[in-house]
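Where does this protein leave empty space, and what surrounds that space? Take a look at the structure first, then follow the text through it.

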Amino acid sequence: MLDSPGRIYAIAAKEVRQLLRDHLTFGLIVGVPLLQIVLFGYAINTDVRHLRAGVADLAHTQLSRQLVAEAQASQVLDVVAASPSAEGLESMLRRGWIAVGIYIPPDFDRLRLEGRRPAAQLLVDGSDPTLFGVASGLADMPLADRDAAPAGHAPLFELRNYYNPERRSAVAIVPALIGVILTLTLTLFTAVAIVRERERGNLELLITTPVKTTELMLGKIGPYIVIGLLQTTVVLVAGSLLFDVPVAGRLLDLYLAALLFIAANLGLGLFISTLSQTQFQAFQMNVVFFLPSFLLSGFMFPFDGMPRVAQWIGEFLPLTHFVRLVRGIVLRGATLGELLPETWPLLLFFALTLLLAILNFHKRLD
């Protein structure tokens, strides 16, 4: 018993030296808390501002222009597009170009002066469940002419909630959950692929074979493509049966989008695998990537409400683009052709990470 404290101290000292030599683990001890503090304290903003908006002003009067100007002055909306019709606004919503549409009818001035019913409409993209609550704050936005309006006048805007009229959270969350699940599982599965070969000694056998690095990498991700498509099917079926989530778009477009996203995650997983020496390191690096993907992709918090720096980071994350793709196809009924701006970043991400994995992998043990 007298020697016990000394032995405990020796083991503890050995563990500290091992942590100091493992630079990745030691860096994550400090890096993960700092990452979470920055993400939750700076990037996540529940006071949403600067939503992308489109305007269809059919009145073309001073009062209608004043309405648009004061809507922008509220800092809740940023008008980024104009349309000659309500159908044009609906097309922009379906393609994901805007989050809110302002429709001003030709008789806007008369309706405003009468005050018996809303004089304009706000078309809200209900595929993001938080946007309707943000837009509802503009429904009775006062204009400079409010003294001319009759007492007890109707709200200025009538709100129209597109794609999720019942405002059910499951309708918006379940489709995007496909991306979260694929990010968490597929990246981790492939992140340990090469490391597992090294730890089990199988890499020695691969060294003696004529298998090329590119062939090894593509062979590693092949089975996980099927697994990813299977997981996509499971979430879709469960969402339909348990939560009555509709699929407004074509299944072919959805699975093609999922295939692009699966490839992007598998490429990243392989790159992580070539950087890691142990499966535990691969798991740690996967967690570091998953945290910003979950928080900055628009899955839980409106993307437009984030600071510009956080949006720039989010644009480099595959989950950001897949959330837009899956909500556009499943909820808004958009085609993959209408969402092409969200597909090429996934292709580029896959090509880049796969190239880095191939360049960083060497069929030797050191």
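## Spaces inside and at the surface

The lining of the second largest cavity counts two nonpolar, three polar and two charged residues. This is a predicted model. The residues around that cavity are Gly126, Asp128, Pro129, Phe132, Asn161, Asn164 and Arg167. They enclose about 40 Å³ of space.

How many cavities of 30 Å³ or more does a search of the whole structure find? The search finds three. The largest cavity has a volume of about 60 Å³. Its lining has nine nonpolar, two polar and no charged residues. Helix H7 (169-191) and helix H10 (213-243) each supply at least two of these residues. H10 gives the most, with four. Among the lining residues are Val174, Pro175 and Ile178, along with Val235, Leu236, Gly239 and Ser240. Val245, Pro246, Val247 and Val330 also line this cavity.

Now turn to the pockets. The largest pocket holds about 610 Å³ of space. It is lined by 32 residues. Nearest its centre lie Arg52, Gly96, Phe303, Asp304 and Arg324. By class, the lining has twelve nonpolar, seven polar and 13 charged residues. Both strands and helices take part: strand S1 (51-57), strand S2 (77-82), helix H13 (308-315) and helix H14 (318-330) each supply at least two lining residues.

The second largest pocket holds about 250 Å³ of space. It is lined by 15 residues, and Phe316, Pro345, Leu348, Phe349 and Leu352 are the closest to its centre. Twelve of the lining residues are nonpolar, two are polar and one is charged. Helix H11 (251-275), H14 and helix H15 (344-360) each supply at least two of them. The largest share, eight residues, comes from H15.

H14 and H15 also pack against each other. Two packed helices are described by the angle between their axes and the distance between the axes. Here the axes of H14 and H15 come within 9 Å and cross at roughly 150°. Therefore H14 is roughly antiparallel to H15, as angles over 145 degrees count as roughly antiparallel. The crossing of H14 and H15 is left-handed. Which residues make the contact? H14 brings Pro318, His321 and Leu325, and H15 brings Pro345, Leu346 and Phe349. Five of these contact residues are nonpolar, one is polar and none is charged.

Pro345 and Phe349 therefore turn up twice: they are among the residues closest to the centre of the second largest pocket, and they belong to the contact of H15 with H14.

Definitions and conventions
Residues numbered from 1 in each chain as written. Predicted model: local features only at pLDDT ≥ 70, side-chain atom pairs only at ≥ 80, totals over all residues. Heavy atoms only, no water. 1 Å grid on protein atoms, 1.4 Å probe; cavity = no way out; pocket = protein on both sides within 12 Å on 5 of 7 lines; lining within 4 Å. Points joined across faces, edges and corners; volume = space filled by probe spheres on them. Nonpolar A, V, L, I, M, F, W, Y, C, P; charged D, E, K, R; others polar. Axes fitted to C-alpha atoms, helices over the stretch in contact; angles between N-to-C directions. Parallel < 35°, antiparallel > 145°, perpendicular 65-115°, else oblique. Left-handed = near helix turned anticlockwise from the far one by under 90°. Contact = heavy atoms within 4.5 Å.
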